[in-house]
Amino acid sequence: MMLEHVLVVSAYLFSIGIYGLITSQNMVRALMCLELVLNLVKNTA
């Protein structure tokens, strides 16, 4: 798999996580989105 594809998928999932973190009204959903964002940052770097 090419690096560009991995970065595009990571950026897409990161934006979904940020959107979910901002718009969620449920604390559990917000924590799940935060965990998604943190895992993406850890795995991409």
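Buried here means under 20% relative accessible area, exposed means over 50%, and partly exposed is in between, with a 1.4 Å probe and protein chains only. By that cut-off, buried residues make up 18% of the 45 residues in the chain.

Before you click on anything, note that this is a predicted model, where local features need pLDDT of at least 70, side-chain atom pairs count only at pLDDT 80 or more, and totals for chains, interfaces and linings use all residues. Residues are numbered from 1 along each chain as its sequence is written, and side-chain values use heavy atoms, with hydrogens and water left out.

**Whole chain**

Start with everything selected in cartoon view. You should find 2 helices and 0 strands; helices (H or I, at least four residues) and strands (E, at least two) are DSSP runs, numbered from the N terminus. Along the principal axes, the C-alpha atoms fill a box of roughly 35 × 15 × 10 Å. Switch on a surface and you are looking at about 3,800 Å² of accessible area, 71% of it belonging to carbon and sulfur atoms. Those areas come from the Shrake-Rupley method with a 1.4 Å probe, and for residues only the protein chains shown count as cover.

**Helix 1**

Now select residues 3-23. That's helix 1: 21 residues, reaching 30 Å from its first C-alpha to its last, close to the 30 Å expected at 1.5 Å a residue. The expected span is 1.5 Å times one less than the number of residues.

Trim the selection to 6-22, which UniProt, in an unreviewed entry, lists as "transmembrane region". UniProt positions use the numbering used here, feature names are shortened, and annotations may be inferred rather than shown by experiment. The end C-alpha atoms of this stretch lie 24 Å apart, and the span is 100% helix and 0% strand.

Which residues of helix 1 are buried? Colour S10, G17 and G20 to see them. Look down the axis: the buried residues fall within an arc of 90 degrees, so they line one face of the helix. That arc is taken from the directions from the helix axis to the C-beta atoms. Give E4, V8, Y12, Y19 and I22 another colour; they are exposed on the other side of helix 1.

**Single residues to click**

- G20: in helix 1, buried at 12% relative accessibility. Its C-alpha is separated by 8.9 Å from that of M32, 12 residues apart along the chain.
- A11: also in helix 1, but partly exposed at 46%. Draw a C-alpha to C-alpha distance to N39, and you get 12 Å across 28 residues of sequence.
- T23: again in helix 1, partly exposed at 40%. The C-alpha atoms of T23 and V8, 15 residues apart along the chain, are separated by 23 Å.

**The nonpolar patch**

Last stop: select F14, I18, L21, I22, M27, L31, L34, L38 and V41, a nonpolar surface patch with about 810 Å² of accessible area together. Helix 1 and helix 2 (27-44) are the elements that give two or more residues to the patch. Helix 2 gives the most, with 5 residues.

Patches are made of residues with over 30% relative accessible area and no salt bridge, joining like charges within 9 Å and nonpolar side chains (Val, Leu, Ile, Met, Phe, Trp, Tyr) within 5 Å. A salt bridge is a side-chain nitrogen of Lys or Arg within 4 Å of a carboxyl oxygen of Asp or Glu. Finish on L21, a patch member that sits in helix 1 and counts as partly exposed at 32% relative accessibility.
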